[in-house]
Amino acid sequence: MRDYCIRTATPDDLDGARSVMLDTVYRDFGTGYVPRWHRDIIDLDSFYLAPDRHTLLVAVDERDGTVAATAALDSRGPAHPPNPRHLAERYPSGDTAQLRRVYTRADHRRQGLARRLVGELLDFAAADGGYRAAYLHTDPAVPGAEAFWRSLGKVVHDEREEPGGGQRIVHFEVPLP
């Protein structure tokens, strides 16, 4: 089993974190980089490192120092549109810790990295004291994503159940510690 260091990202980690994220949107999501959905990936510093209530975590492979996985948190609730209005109202910006960019490189999966990273994000949110909920959404077409999030939280809205299937996104709340 490999050894990993889970820690808050530094400016020196940003290229490696960005690489993990871009690989994920191209290879796993099949969408490629879409600015309206992924602009934070290009400017990780101002989205996650600079704001006090936001964070970006990395799992670094201790063998070679490469970033193997990422996880981020910010205080922006789900926007309407494109998300359903009732979710934007239930999870308002400022009160909601939104989990984002929980991605693991394919050759580092099944090591418990995502679970460890999410645990650290939830601890960060709890320590902040101003968050009342942790929210995220996922694309269930990504292998393993829906089952992983169901193991940690509860579904609060499944767009596949809407007439026409919505955006086919599943929205979750994960309990804060």
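**Salt bridges, packing and backbone geometry in a predicted model**

I begin with a salt bridge: the side chains of Arg18 and Asp15 meet at 3.0 Å, N to O. Please bear in mind throughout that this is a predicted model. Both residues belong to helix α1, where Arg18 and Asp15 are three residues apart, about one turn of the helix. An α-helix has 3.6 residues a turn, so residues three or four places apart point the same way. The two partners differ in their surroundings: Arg18 is buried, with a relative accessible area of 18%, whereas Asp15 is exposed at 59%.

Let me now place this pair in the overall fold. The protein chain contains six helices and seven strands. Along the sequence these elements follow the pattern β-α-α-α-β-β-α-β-α-β-α-β-β. The radius of gyration of the chain is 15 Å, which agrees with the value near 16 Å expected for a compact globule of 177 residues. The C-alpha trace spans about 50 × 35 × 30 Å along its principal axes. Of the 177 residues, 46% count as buried. As for contacts with a separation of 6 or more, 66% come from residues 24 or more positions apart.

I turn next to helix α2, residues 35-42. Which of its residues are buried? They are His38, Asp40 and Ile41. Viewed down the axis of α2, the buried residues fall within an arc of 115 degrees, so they line one face of the helix. Those buried residues pack against α1 (14-28), α3 (44-49) and β4 (96-104).

One of the three, Asp40, brings us to a second salt bridge. The side chains of Arg101 and Asp40 meet at 2.7 Å, N to O. Because Arg101 lies in strand β4 and Asp40 in helix α2, this pair ties together parts that are 61 residues apart in sequence. Both Arg101 and Asp40 are buried; for Arg101 the relative accessible area is 11%.

Arg101 also deserves attention for its backbone. Its phi is near 55 degrees, a positive value in a residue other than glycine. As a reminder, most residues other than glycine have a negative phi, and most peptide bonds are trans. Arg110 is a further case, with phi near 70 degrees, again positive in a residue other than glycine. The settings of the two arginines contrast: Arg101 lies in strand β4 and is buried, while Arg110 is found in the loop between β4 and α5 (113-128) and counts as exposed, at 82% relative accessibility.

On the subject of peptide bonds, where does Pro81 sit? Pro81 is in the loop between β3 (67-74) and α4 (85-90). The bond joining His80 and Pro81 is cis, with omega about -15 degrees. The bond from Pro81 to Pro82 is cis as well, with omega near 15 degrees. Pro82 is likewise placed in the loop between β3 and α4. I would invite you to inspect this segment in the structure above.

Let me return to the charged residues. How many salt bridges does the model contain? The count comes to 15. Beyond the two already described, Asp61 forms a salt bridge with Arg63, the closest N and O atoms being 3.2 Å apart. Here the acidic partner is the buried one: Asp61 has 0% relative accessibility, while Arg63 counts as exposed at 58%. Elsewhere, salt bridges that share partners join Glu146, Arg150, Asp158 and Arg160 into one network.

Finally, the aromatic residues. There are four aromatic pairs in the model. One of them is formed by Phe47 and Tyr48; this pair is tilted, with 6.2 Å centre to centre and 45 degrees between the planes. Phe47 and Tyr48 are both buried. Another pair, Phe148 and Trp149, is edge-to-face, at 4.8 Å centre to centre and 75 degrees between the planes. Phe148 and Trp149 are buried too. A charged residue also meets an aromatic ring: Arg53 lies over the face of Tyr131, at 4.1 Å from the ring centre.

To close, I would return to Arg101. This residue of strand β4 has a positive phi, is buried, and shares a salt bridge with Asp40, one of the buried residues of helix α2. Thank you for your attention.

Technical notes
Residues numbered from 1 in each chain as written. Predicted model: local features only at pLDDT ≥ 70, side-chain atom pairs only at ≥ 80, totals over all residues. Heavy atoms only, no water. Buried < 20%, exposed > 50% of the residue type's maximum accessible area, 1.4 Å probe, protein only. Helix = DSSP H or I, 4+ residues; strand = E, 2+ residues; numbered from the N terminus. Arc of directions from axis to C-beta. Contact = heavy atoms within 4.5 Å. Phe/Tyr/Trp six-rings, centres within 6.5 Å; stacked < 30°, edge-to-face > 60°. Lys NZ or Arg CZ within 6 Å of the ring centre and 35° of its normal. Salt bridge = Lys/Arg side-chain N within 4 Å of Asp/Glu carboxyl O. Rg over C-alpha atoms; globule rule 2.2 N^0.38 Å.
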